[in-house]
Amino acid sequence: MSTATGTVSRWTRGFVAAGVGWLVCWQAAVLVGAGRSVAVVLGLYGFVLHTVFGKGYALVPAYFDRSLSFPRAPALHLPLAVAGTAALAADAAGLVPGRWGTAGGLLWALGCAVFVGSLGWSLRGNLTGRETATAKAKADRRRVDRFANVFVPVALAYLVVGTALPNLGAVGLPTGPLPAVGPAPSHLLAAGTAALLLFAVGFRLLPRFLVVAPRRPLVAVVLPAGALGPLLLAATFGGGRWFRIGAALQAVALVGFAVAYVDMFVRSDRRRVGLYGLLVAAAAAVGVAALGVHMATAGFDPGVADAHARLALLGFLGVAVVAVSYQFYPPAVASLPGVDDRTAGAALALLGVGVGLEAGGLLADSGSVVVAGRTAALVGALGHAAVVLAVFRGRQNRGR
């Protein structure tokens, strides 16, 4: 392993470890009754996007047949992301003066600038992703790989806009047709950045895990729908025809991706704990789509909105991140007794059952079911943290 590759790999693990910490904080905060704004910061900014940043530094340049031009960019980005998230979460919880939130937003934005800037410079000359580094033996996948690459810059653009909006609003600058606060920025980051990157990178990564190619018609539908849907949602929150169209497009992307994954899984003979976990994420994606379309057509309902948010952040994005992490960091190499594939499977099951119970309880207005689901999710988060940290310790002991 080259020095540059080793540096990126080490800091990638740093992002993943930080994300695991935010996952536990997130589930604990939700269990004790923290509001949705706190949950969004801890879950989206903290867990999901920290992990996306770490794996993005490692995967995106490789998928564009490039190397990261600034191998130490993740080392600069990580403290900015952690400090920014902590300040934003403390502000959302009302624990600190509002200026902390402003400072946190600025730190987060600086970190995102490092991420987008370093990737953009690394990919210069191949921003459309025509060069894919796809092996000759997999030449039949090159068309899908090129098409998927096109949407990575779109996801990065959503990251820029979703990060800029709250910061512009904080200093009183106009933000055009996109609101600076509320669900618009969070949807740009969750649906526009995290979900679209999951779709685009997933259509390259998951076929390698399963050794099965995705159906091209599904790829051709999911990626454009997933790219346009978040913009229409963010620009038209509050209802109207274009809002409903945006919800429909996002639903098509979510359900299409779920169908594509289940189809590949059924056709594959690969069976790993992470691959089973992605089935849970696929089921959650369908639930997210159904609840989103329901709110777009029938109107806002607090219970439905809360269930939608939890299914989206924890059930779909969260479980998908956990499941994929077990492909990169196999539990079998963990160094602690009792930490193995079964532990990882139990963690995934608790997260999936927990978010399912919680969503059902929110929809049925059953407080006891909601608490049971949140408790299960917290235990699952702690189990996932134990697995990942044990794997990292095992790799460190082996000099990796």
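**Exercise 1. Determine how Phe147 and Phe151 are placed in their helix and how their rings meet.**

Solution. Phe147 and Phe151 both belong to helix α5, four residues apart, about one turn of the helix; helices are DSSP runs of H or I with at least four residues, and numbering starts at the N terminus. An α-helix has 3.6 residues a turn, so residues three or four places apart point the same way. The model is predicted, with pLDDT of at least 70 required for local features and 80 or more for side-chain atom pairs, whereas totals for chains, interfaces and linings use all residues. Residues are numbered from 1 along each chain as its sequence is written, and side-chain values use heavy atoms, without hydrogens and water.

Next, the rings of Phe147 and Phe151 form an edge-to-face pair, 5.2 Å centre to centre with 75° between the planes. Rings of Phe, Tyr and Trp (its six-membered ring) pair if their centres lie within 6.5 Å; planes under 30 degrees apart are stacked, over 60 edge-to-face, and the rest tilted.

Finally, Phe147 is partly exposed at a relative accessible area of 31%, while Phe151 is buried at 9%. Buried means under 20% relative accessible area, exposed over 50%, and partly exposed in between (1.4 Å probe, protein chains only).

**Exercise 2. Check the span of α5 and locate its bend.**

Solution. The expected span is 1.5 Å times one less than the number of residues. For the 29 residues of α5 this gives 42 Å, and the end C-alpha atoms are 44 Å apart, which agrees. A bend of about 25° occurs at Ala164, and Pro166 follows within four residues; the bend is the angle between axes fitted to the seven residues ending at a position and the seven starting there. Just after α5, Gly172 has a positive phi of about 80°.

**Exercise 3. Classify the pair Trp26 and Phe47 and state what the pair connects.**

Solution. The count is 16 aromatic pairs. Among them, Trp26 and Phe47 form a tilted pair, with 6.3 Å between centres and 35° between planes. Trp26 lies in α1 (residues 3-31) and Phe47 in α2, so the pair ties together parts that are 21 residues apart in sequence. Trp26 is buried at 1% relative accessibility, and Phe47 is buried with a relative accessible area of 1%.

**Exercise 4. Name the members of the aromatic cluster that includes Trp108.**

Solution. One aromatic cluster is formed by Phe15, Tyr45, Phe53, Tyr57, Trp108 and Phe115.

Definitions and conventions
Helices (H or I, at least four residues) and strands (E, at least two) are DSSP runs, numbered from the N terminus.
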